[in-house]
Amino acid sequence: MPGFGNDFETEALPGALPQGQNSPQKCNYGLYAEQLSGTPFTAPRGQNERTWCYRIRPSVKHTGRFEKIDLSYWKSAPNVDPDVISLGQYRWDPVPHSDAPLTFLTGMRTMTTAGDVNTQVGMAAHVYLITQSMQDEYFYSADSELLIVPQDGRLRFATELGIIDLEPQEIAILPRGMLFRVEVLEGPCRGFVCENYGAKFDLPSRGPIGANCLANPRDFKTPVAAFEDRDARSRVVIKWCGQFHETWIDHSPLDVVAWHGNYAACKYDLRTFSPVGAILFDHPDPSIFTVLTAPSGVEGTANIDFVLFRDRWNVAENTFRPPWYHKNIMSELMGNIHGIYDAKPKGFVPGGMSLHNMMLPHGPDQPAFEGASNADLQPQKLENTMSFMFETRFPQHLTELAANEAPLQDDYIDCWDGLEKKFDGTPGEK
Ligand SMILES: [Fe+2]
């Protein structure tokens with residue numbers, strides 16, 4: 001079903017969805033009515049999100065007593081390791097695929113955390129390595145909305161509200177509190193996750209750009225209702241305040257036969273993003289490439305911006321066309337989905353990541369600087385490139401894994417070594 005944040009309605013069996021009211025005295029098919037609230041009841045109308053589910057059993061039947069479990073690679077903020085230095089410009093080669101049987105839960109590897117999960121601000125950036133489907137196992141995060149960015153392999157998310165199949169160059173958004181199971185369609189799978197502790201991702205305001213371009217609402221797709229009526233001993237895992245808990249039930253909890261509302265999972269094809277840029281000289285701030293923004297409460301200061309650098313035309317005249325040198329109050333974590341990134345032609349490869357933390361300088365390496373400074377400025381198509389950025393207002397702290405286990409490039413900061421002093425006090429181009 002197309003649209004971003006629409007009020008959807010869908011039923012997997014005819015007549016399962018009540019018409020004209022939410023909570024009839026008796027629901028058709030003997031279903032139970034249940035509301036999932038994604039915002040406080042009293043959130044302003046334009047932000048208020050909730051979904052009514054008509055399900056075989058109410059969710060109270062999908063949990064029992066909880067036992068704490070350990071998923072030691074999945075960290076939550078605050079996670080400040082005293083032995084790790086997060087101050088620095090960092091870059092990683094792809095975290096290698098694993099031969100081990102890893103699910104969405106056991107294969108999650110936290111790279112950075114920011115903010116505080118308990119006060120619902122900030123985020124975590126993860127890499128996932130998945131080789132195995134979850135079987136009779138389900139998960140939801142009470143802590144966070146999950147933005148999934150596949151880089152390799154294909155996954156299926158069987159959610160309470162329907163099924164999402166996902167491949168590289170697509171993203172999925174799984175709302176806080178929504179139960180799902182992750183299956184491998186084609187593995188091994190690797191990708192990135194932005195775990196958003198704060199307010200939900202929204203489309204950015206386009207301002208003077210107007211009503212079109214960037215991410216268009218119709219390109220977001222929400223699944224139709226799909227349910228399982230299956231009895232099997234099943235494990236439900238819940239992430240809550242940074243800790244993981246399991247509970248056991250005797251059936252599949254994916255039992256929503258019909259639903260209506262505007263709090264739902266969705267997917268988006270990044271190839272439908274319509275980039276906007278300068279058509280005469282210079283280029284705008286990278287915020288021009290914002291796909292989604294999660295507000296912080298301070299206007300214009302995002303908890304997280306999800307930004308996309310995709311193939312596009314470069315046409316600016318008399319302009320240094322790659323990203324300029326930069327120091328930023330926000331913290332920029334980038335990942336390469338596929339191809340070559342224009343500011344760093346080498347070393348930042350698909351599956352790789354980089355981190356330019358709060359107020360740390362970064363910019364083109366020497367070959368990129370020299371190349372762009374001397375290029376014949378014809379219109380140029382940047383092709384075979386797709387990278388993204390999770391940009392947050394909070395400093396990002398490296399996990400122990402990111403600092404010591406993941407393939408950190410020790411020589412990354414050397415990429416600026418070749419930049420020479422050209423100034424000699426005399427005017428003219430150097
Ligand atoms: Fe930057």
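**Salt bridges, an iron site and unusual backbone angles**

Author: Arginine 55 and glutamate 160 form a salt bridge, and their closest N and O atoms are 2.8 Å apart. The model is predicted.

Reader: What makes a contact between an Arg nitrogen and a Glu oxygen a salt bridge?

Author: The side-chain nitrogen has to lie within 4 Å of a carboxyl oxygen. For arginine 55 and glutamate 160 the value is 2.8 Å, so the pair counts as a salt bridge. Side chains of opposite charge can pair when their charged atoms come close.

Reader: Why is it said that arginine 55 and glutamate 160 tie together parts of the chain?

Author: Arginine 55 is in strand β3 (residues 50–55), whereas glutamate 160 is in the loop between β9 (145–159) and β10 (162–166), so the parts they tie together are 105 residues apart in sequence.

Reader: Is arginine 55 buried or exposed, and how do you know?

Author: Buried means under 20% relative accessible area. Arginine 55 has 0% and therefore counts as buried. Glutamate 160, with 7%, is buried too.

Reader: What makes aspartate 231 and arginine 57 a salt bridge?

Author: Their side chains meet with an N to O distance of 3.6 Å, and the limit is 4 Å. Aspartate 231 belongs to strand β14 (residues 231–240) and arginine 57 to the loop between β3 and β4 (67–69), so this pair ties together parts 174 residues apart in sequence.

Reader: Which class of accessibility does aspartate 231 fall in, and why?

Author: Exposed means over 50%. The relative accessible area of aspartate 231 is 59%, so aspartate 231 is exposed. Arginine 57 has 22%, which lies between the two cut-offs and therefore counts as partly exposed.

Reader: Where else are salt bridges found?

Author: Arginine 271 forms one with aspartate 269, with the closest N and O atoms 2.9 Å apart. Arginine 271 is partly exposed, at 34% relative accessibility. Asp136, Arg181, Glu183, Glu228 and Arg230 are linked in a network of salt bridges. By this rule the count comes to 23.

Reader: How do you know which residues coordinate the iron ion?

Author: Donors are N, O and S atoms within 2.8 Å of this metal. His326 (ND1), two OE atoms of Glu332, and His362 (NE2) coordinate the iron ion at 2.1 to 2.3 Å, so they count as donors. Water is not among the atoms, so the site may look incomplete.

Reader: Why is the site of the iron ion called irregular?

Author: The angles among its 4 donor atoms run from 58 to 152 degrees. Four donors count as tetrahedral if all angles lie between 85 and 135 degrees, and as square planar if opposite donors are over 155 degrees apart. The values 58 and 152 meet neither condition, so the site is irregular.

Reader: What spacing do the donors of the iron ion follow along the chain?

Author: The spacing is H-x5-E-x29-H. Glutamate 332 is in strand β20 (residues 331–339) and histidine 362 in the loop between β21 (353–356) and α1 (366–374); the pair links distant parts of the chain, 30 residues apart. Both glutamate 332 and histidine 362 are buried.

Reader: What makes the peptide bond between alanine 77 and proline 78 cis?

Author: Its omega is about 0 degrees. Proline 78 is found in the loop between β4 and β5 (89–92). The bond from glycine 187 to proline 188 is also cis, with omega near -5 degrees; proline 188 is in strand β12 (residues 180–196).

Reader: Why is the phi of tyrosine 29 worth listing?

Author: Most residues other than glycine have a negative phi. Tyrosine 29 is not a glycine, and its phi is positive, near 65 degrees. Tyrosine 29 lies in the loop between β1 (8–11) and β2 (32–37) and, at 44% relative accessibility, counts as partly exposed. Glutamine 169 has a positive phi as well, about 80 degrees, in the loop between β10 and β11 (170–174). At 17%, glutamine 169 counts as buried.

Reader: How do you know that the radius of gyration agrees with a compact globule?

Author: For 430 residues a compact globule would have a radius near 22 Å, and the protein chain has 23 Å, so the two agree. The C-alpha trace spans about 85 × 50 × 40 Å along its principal axes. The chain has 2 helices and 23 strands, and 51% of its residues count as buried.

Definitions and conventions. Residues are numbered from 1 along each chain as its sequence is written. This is a predicted model: local features need pLDDT of at least 70, side-chain atom pairs count only at pLDDT 80 or more; totals for chains, interfaces and linings use all residues. Side-chain values use heavy atoms; hydrogens and water are left out. Donors are N, O and S atoms within 2.8 Å of the metal (3.2 Å for Na, K and Ca); water is not among the atoms, so sites may look incomplete. Four donors count as tetrahedral if all angles lie between 85 and 135 degrees; four count as square planar and six as octahedral if opposite donors are over 155 degrees apart and all others between 65 and 115; anything else is irregular. Helices (H or I, at least four residues) and strands (E, at least two) are DSSP runs, numbered from the N terminus. Buried means under 20% relative accessible area, exposed over 50%, partly exposed in between (1.4 Å probe, protein chains only). The radius of gyration is taken over C-alpha atoms; the globule rule is 2.2 Å times the number of residues to the power 0.38.
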